[in-house]
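This report looks at how selected helices and strands pack against one another. Have the coordinates open while reading.

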Amino acid sequence: MHLTVLEITAITVLIAHFSLTLAYHLGAKLRILDHLDALSLVPKWHFFAPRPGMRNLYLLYRDRYATGDVSVWRVLHGMDRFRPGWSFIWNPDKRLRKTLYDVLVTLAAEDYTADDATRRVKLTAPYLLLLNHVSSLPRPDGVVATQFLVMEGEAGQTPRKVFCSELHPLCSRRTALPSPPSSPSC
Amino acid sequence: MLSSYSSTESAIVAVLLIALVGIVLTTVEDLRRSDVFSPGGVLSWTVLRTFGRPASSPVLRRALDPLFRPLTHRRLLWLRLVVVALMLATLARWLPGARWLLAGLTLVLLWLLLLHNARSIFGLDGAHHMNTVILLAAGLLLCTSPGSLVAKIGVGFIGAQAVLAYVVSGVAKLMDSSWRNGEAIAGIMSTTTYGHAWLGRWLRRHPKVSLLGCWVVIVTECAFVVVPFADGPLLMVMLAGGLLFHLGTAVFMGLNGFLFAFVATYPAIVWANYALRGVLPWTG
């Protein structure tokens with residue numbers, strides 16, 4: 001059987017992809033898997049396992065006004081509510097909820113016992129994504145700073161705090177500036 | 001009905017038709033919530049470009065920056081819909097039978113999906129991964145002749161990835177105590193992200209049902225390892241069970257994309273079963 005270069009390349013790609021997927025799930029430690037995983041090119045097939053997410057995660061934020069008053073904590077994106085009944089057909093919030101879940105789980109998994117934990121976490125993608133997002137929300141005039149809070153809890157139980165950011169000043173264009181924070185007071 | 005997918009051509013056409021419906025649905029959903037990808041959204045490129053590969057590669061950053069501007073991103077989502085429409089037209093033979101055209105469109109669609117991988121690993125799900133698997137195999141095999149070795153390996157690859165997905169998922173659940181003791185399904189159904197208010201409450205009141213449900217999922221997923229070798233009736237039962245499972249996750253967990261992405265692999269599984277049983281001496 002004579003194979004063209006194109007056919008050999010195609011066969012190689014498919015066999016390699018499957019082999020690497022299998023190797024990943026068998027726990028193989030290969031450098032190429034790390035490179036491919038950085039772009040999530042190796043499919044992860046262990047859905048809701050081995051540790052299924054059985055706790056609710058909530059993202060809240062509050063603002064501080066120029067007067068010194070602080071707003072109440074507000075839950076973002078209806079994370080305390082179940083999906084509407086028609087979401088099995090039309091679920092436009094699917095991406096948002098999955099992204100928030102991934103980001104909050106990653107943030108919650110950080111080690112906060114180390115001395116430099118807070119400084120280190122503030123430089124991570126999840127923290128900055130959440131800070132940027134919260135800072136970009138429409139808000140009334142007079143707000144000078146904002147902070148966000150991540151909570152988790154099982155159904156029927158009072159949620160507990162997982163992580164609370166520091167207060168970050170907002171500039172006139174509603175974006176946070178990297179200046180020394182106020183006390184967290186969470 | 002199973003013999004309908006005895007050729008690689010009929011199998012891959014069926015795979016693509018089903019998968020494309022799911023891709024259209026997800027794309028329209030992303031267009032509806034394109035604010036997620038805006039500079040102030042949770043997938044803000046303004047932030048993401050400062051991490052990972054884009055942060056260490058100015059060349060990559062310069063290549064991706066124009067693609068992830070909000071307006072361009074929306075246009076690329078619309079481009080996905082245009083590409084899918086052209087693929088459907090080609091598959092339905094409204095356009096001249098252009099195998100190379102279909103191959104090119106499939107690879108373009110794969111590239112458009114992989115842009116999300118380049119942006120961030122956050123927000124990706126199993127349906128996205130399976131769609132990229134399907135498009136990769138379809139794009140490559142459509143570059144070769146019908147019934148070629150590449151076509152057989154391509155369709156077999158889709159079927160193999162699907163079987164691997166079910167088995168890996170089943171084994172991973174078997175290794176976890178919350179799945180073995182029945183807490184997992186009731187727990188997941190009680191969450192607002194993937195749960196269902198009524199079903200979550202009902203399962204917490206009926207833990208034995210949750211236990212049964214957990215073991216049905218574990219056993220069925222692990223049993224998918226025999227699907228490539230199963231005889232006709234057993235194969236139909238397993239695939240029907242898979243379809244019901246994905247319908248259930250769509251209804252109760254909102255995973256509508258999974259329904260199309262995974263059921264799309266079933267014609268490939270049937271083809272692989274047909275091919276293997278024609279070769280292996282101990283099968284019928």
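The model is predicted. In chain B, I12(B), V15(B), L16(B), A19(B) and I23(B) of helix α1 face N131(B), I134(B), L135(B), A138(B) and L141(B) of helix α7. By class, this contact has nine nonpolar, one polar and no charged residues.

**Helix pairs of chain B**

Helix α1(B) spans residues 8-32 and α7(B) spans residues 126-141. The two pack at an angle of about 140 degrees, with axes 11 Å apart. That angle makes α1(B) oblique to α7(B), because roughly antiparallel requires over 145 degrees. The crossing is left-handed.

A second partner of α1(B) is α15(B), residues 266-279. Their axes come within 7 Å and cross at roughly 160 degrees. The two helices are therefore roughly antiparallel. Here α1(B) passes α15(B) in a left-handed crossing. On the α1(B) side, T8(B), A11(B), A14(B), V15(B) and I18(B) make the contact. On the α15(B) side, P267(B), A268(B) and W271(B) do so. The residues comprise seven nonpolar, one polar and no charged. V15(B) appears in the α7(B) contact and also in the α15(B) contact.

Helices α13(B) and α14(B) form another pair. Their axes come within 7 Å, at a crossing angle of roughly 160 degrees. They are therefore roughly antiparallel to each other. This crossing is right-handed. From α13(B) come L243(B), H246(B), L247(B) and A250(B). From α14(B) come N256(B), F258(B), L259(B), F262(B) and V263(B). By class there are seven nonpolar, two polar and no charged residues.

| Helix pair | Axis separation | Crossing angle |
|---|---|---|
| α1(B) and α7(B) | 11 Å apart | about 140 degrees |
| α1(B) and α15(B) | within 7 Å | roughly 160 degrees |
| α13(B) and α14(B) | within 7 Å | roughly 160 degrees |

**Helix α14 and its cover**

How many of the eight residues of α14(B) are buried? Seven are, so this helix, residues 256-263, is largely enclosed by the rest of the structure. The buried residues are N256(B), G257(B), F258(B), L259(B), A261(B), F262(B) and V263(B). Their cover draws on both chains: it includes α3 (94-108) of chain A. From chain B it includes α1, α7, α8 (149-174), α13 (232-253) and α15. Among these, α13(B) supplies the roughly antiparallel neighbour described above.

**A threonine in α7**

T132(B) lies in helix α7 of chain B. Is T132(B) buried or exposed? It counts as buried, because its relative accessibility is 11%, and the cut-off for buried is under 20%. Leaving aside neighbours within four places in sequence, T132(B) is in contact with L110(B), L113(B) and L114(B).

**Strands of chain A**

Strand β1(A) covers residues 56-65. It is mostly covered, with eight of its 10 residues buried. Which strands pair with β1(A)? One is β3(A), residues 143-153, which runs antiparallel to β1(A) and is joined to it by 10 bridges. Within that pairing, Y61(A) has F148(A) as its bridge partner. Another is β2(A), residues 74-75, also antiparallel, over two bridges. There, L60(A) stands opposite V75(A). In a regular strand, side chains alternate between the two faces of the sheet.

Technical notes:
Residues numbered from 1 in each chain as written. Chains lettered and ligands numbered in written order. Predicted model: local features only at pLDDT ≥ 70, side-chain atom pairs only at ≥ 80, totals over all residues. Heavy atoms only, no water. Axes fitted to C-alpha atoms, helices over the stretch in contact; angles between N-to-C directions. Helix = DSSP H or I, 4+ residues; strand = E, 2+ residues; numbered from the N terminus. Parallel < 35°, antiparallel > 145°, perpendicular 65-115°, else oblique. Left-handed = near helix turned anticlockwise from the far one by under 90°. Contact = heavy atoms within 4.5 Å. Nonpolar A, V, L, I, M, F, W, Y, C, P; charged D, E, K, R; others polar. Buried < 20%, exposed > 50% of the residue type's maximum accessible area, 1.4 Å probe, protein only. Pairing = 2+ DSSP bridges.
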